[in-house]
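Please open your viewer and set it to a cartoon view, so that residues can be selected by number as you read. Each stop below names a selection and then says what is to be found there.

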Amino acid sequence: MAPKIPLVAKGAGERTIAVLDVGTSKVAALIALVGGDGEPRVIGTGQKPCFGLKRGLVTDFEKTEAAIRGAMDQAERAAGIQVEFVHASISAGNLGSDVATAEIDIAGASITAADMMTLREAGRARIDPRGRTVVHAQPALYALDGQPGVESPLGFHADRLGMDIHVVTADTPPLKNLDRAIKQAHIGLRSLVASPLAASQSTLEREERELGVALIEIGAGVTTIAVHNYGMLVGVAAIPMGAHDITNDLAAAFATRRSHAERLKTLDGSAMATPKDNHDAVEIPPMSDDTMAEPMRVPKAQIIGVIRHRLDLLFREVQVKLDELGFVGPQARQLVLTGGGAELRSIADFAQGSLGRNVRIGRPRGLTGLPPAQGGPAFATLAGLVLFAAAEVPDIWHMPAPTRSTGGGGRLASMIEKLRGSL
Ligand SMILES: Nc1ncnc2c1ncn2[C@@H]1O[C@H](COP(=O)(O)OP(=O)(O)OP(=O)(O)O)[C@@H](O)[C@H]1O
Ligand SMILES: [Mg+2]
């Protein structure tokens with residue numbers, strides 16, 4: 001194949017970042033140019049419906065591969081470049097998190113770059129994935145002589161230097177299957193990013209992360225959660241339930257096709273009812289193709305009742321996860337909803353009542369040139385993938401081991417810089 005001529009001229013020091021959000025309902029692709037001090041600039045996007053996944057798990061390689069190829073092809077054509085590697089999101093695999101702690105002796109000396117490297121390796125050795133795959137291992141908190149809260153320990157005197165590492169893990173087979181589907185589409189996988197981390201990157205304010213915030217990404221098949229406090233990621237969880245369950249409930253309740261139920265949900269659905277909804281009726285086509293069969297006329301309030309029942313179940317599960325992650329008390333007042341499920345009319349009001357916290361809808365920001373069609377909460381993960389990749393968030397597990405002979409310079413120095421930048 002003849003090489004494509006780039007339509008977009010790359011500026012000095014600019015690099016291309018390509019990302020893929022492979023979801024239960026859609027595959028979305030995005031290509032951006034990142035460089036200088038500017039925001040990533042979107043140069044191509046693509047999207048295809050996907051029928052090859054269930055609850056975020058690849059269940060049909062051919063369908064998934066076709067959707068990936070289709071979405072990436074659209075993005076490549078728009079950008080005028082061909083993509084070799086992508087950063088992809090993951091919401092399947094029962095995402096969960098844990099904290100690993102490491103400590104080394106400094107003997108009262110001033111902490112050097114070499115000590116930081118020793119700490120990093122000690123930290124890596126303390127991570128126990130328990131048969132799962134480590135998706136992220138972010139250095140979270142440093143402690144000097146057991147006292148936490150130092151942003152960058154370099155240069156401080158201490159007897160002991162400690163570090164907490166926030167470790168996100170997932171079951172291994174779903175990750176391998178996603179990797180295979182992407183490879184089958186002839187694209188290399190550069191990194192996997194947990195979906196709620198990506199969505200957090202594109203929607204949360206720095207101050208929210210400092211004061212305490214939980215991001216709740218309601219996808220089609222999976223709802224994932226990322227809790228942030230003191231400016232750091234402190235917990236991740238997943239619930240195998242999503243906005244597609246509302247569609248299924250509506251289809252079952254009114255004996256109609258899922259495609260009709262999907263329209264009911266998105267066009268007539270809401271999470272809150274008004275008195276008027278008792279009188280407004282909606283026509284629902286029957287399941288069968290029998291042309292004699294009459295459509296059912298159902299008051300909107302009844303449709304909303306079915307939706308609210310599912311949301312009750314979902315937010316009850318969310319509450320359990322938030323409790324488990326320790327998101328309680330005065331530093332746990334703010335929730336941000338993302339994912340296609342956050343597009344449901346009045347869902348923020350429902351969540352506010354159900355969970356007793358302030359709730360807002362998170363829309364992606366931080367990129368220039370994001371098309372309006374991708375400006376809603378369903379695209380928070382897609383946009384966040386670019387920002388996450390551009391930020392080069394330090395990762396104890398995946399970063400290449402530094403070369404010892406280089407002493408305090410080169411890769412080690414840049415790693416320390418990144419560690420420093422992480423807090
Ligand atoms: N206006 C709307 N009202 C209600 N639901 C909506 C609306 N728009 C989209 N949705 C729902 O959002 C879901 C898709 O969300 P999203 O694109 O975040 O999921 P996904 O990434 O494909 O799935 P997952 O992350 O769970 O694998 C679908 O169930 C869709 O019906
Ligand atoms: Mg998703």
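The tour that follows visits two sheets, three helix pairs and the surroundings of a ligand.

Before you begin, keep in mind that what you have on the screen is a predicted model.

**First stop: the five-stranded sheet**

Begin with the open sheet of five strands, whose order across the sheet is S14-S13-S12-S17-S18 and whose pairing is mixed. Select residues 232-239 for strand S14 and residues 358-361 for strand S18, and you have the edges of the sheet; each of these has a single partner strand, so one side of each is left without a neighbour in the sheet. Neighbouring strands here are turned by 20 degrees against each other on average, if direction is ignored.

Now move inward and select residues 213-218, which form strand S12, together with residues 223-229, which form strand S13; the two run antiparallel and are joined by six bridges. If you would like one pair to look at, choose Leu215, which stands opposite Ala226 in S13.

To finish this stop, add residues 347-355, which make up helix H9, and residues 334-338, which make up strand S17: the helix lies across S17 and S18, and its direction is at about 155 degrees to that of S18.

**Second stop: around ligand 1**

Select ligand 1 next, and display the residues around it. Which of the 25 residues around ligand 1 come nearest? They are Gly23, Ser25, Gly219, Ala243 and Gly340. Two helices are worth colouring here, namely H6 at 243-253 and H7 at 258-268, since each of them supplies at least two residues of the shell. Sorted by class, the shell around ligand 1 holds 16 polar residues, five nonpolar ones and four charged ones.

**Third stop: helices H6 and H8**

Keep H6 selected and add residues 300-324, which form helix H8; the axes of the two helices are 9 Å apart, and the helices pack at an angle of about 135 degrees. That angle makes H6 oblique to H8, and the crossing is right-handed. To see where they touch, show Asp245, Ile246, Asp249, Leu250 and Ala253 in H6, which meet Ile303, Val306, Ile307 and Arg310 in H8. This contact has six nonpolar and three charged residues, with no polar ones.

**Fourth stop: the four-stranded sheet**

Turn now to the other open sheet, in which four strands follow the order S7-S10-S8-S9 with antiparallel pairing. Strand S7 (96-105) and strand S9 (147-150) stand at its edges, and because each has a single partner strand, one side of each is left without a neighbour in the sheet. From one strand to the next, the twist averages 40 degrees.

Select residues 133-144 for strand S8 and residues 160-170 for strand S10, and follow the 10 bridges that join these antiparallel strands. One of the residues to pick out is His136, whose bridge partner in S10 is Val168. Then add residues 113-126, helix H2, which lies across S7 and S10 and runs at about 135 degrees to S7.

**Fifth stop: helices H4 and H10**

Select residues 195-203 for helix H4 and residues 380-391 for helix H10, and turn the view until you can see their axes cross at roughly 85 degrees, coming within 7 Å. How does H4 lie with respect to H10? The crossing angle makes H4 roughly perpendicular to H10. Among the residues that make the contact are Leu197 and Ala198 of H4 and Leu387 and Phe388 of H10. By class, the contact of H4 with H10 has nine nonpolar and seven polar residues, and no charged ones.

**Last stop: helices H1 and H3**

Finally, select residues 61-79, helix H1, and residues 172-184, helix H3, whose axes come within 8 Å and cross at roughly 55 degrees. That makes H1 oblique to H3, and the crossing of the two is right-handed. Show Phe61, Thr64, Glu65 and Ile68 in H1, and you will find that they meet Arg180, Ala181, Ile182 and Gln184 in H3. The contact of H1 with H3 has four nonpolar, two polar and two charged residues.

How values were computed: Residues are numbered from 1 along each chain as its sequence is written. Chains are lettered from A and ligands numbered from 1 in the order in which they are written. This is a predicted model: local features need pLDDT of at least 70, side-chain atom pairs count only at pLDDT 80 or more; totals for chains, interfaces and linings use all residues. Two strands pair if DSSP finds at least two bridges between them. Axes are lines fitted to C-alpha atoms, for helices over the stretch in contact, and angles run from 0 to 180 degrees between N-to-C directions. Two residues are in contact if their C-beta atoms, placed from the backbone, lie within 7 Å. A residue is near a molecule or strand if its C-beta atom, placed from the backbone, lies within 6 Å of it. Ala, Val, Leu, Ile, Met, Phe, Trp, Tyr, Cys and Pro count as nonpolar, Asp, Glu, Lys and Arg as charged, and the others, Gly among them, as polar. Angles under 35 degrees count as roughly parallel, over 145 as roughly antiparallel, 65 to 115 as roughly perpendicular and the rest as oblique. A crossing is left-handed if the near helix is turned anticlockwise from the far one by less than a right angle, and right-handed if clockwise.
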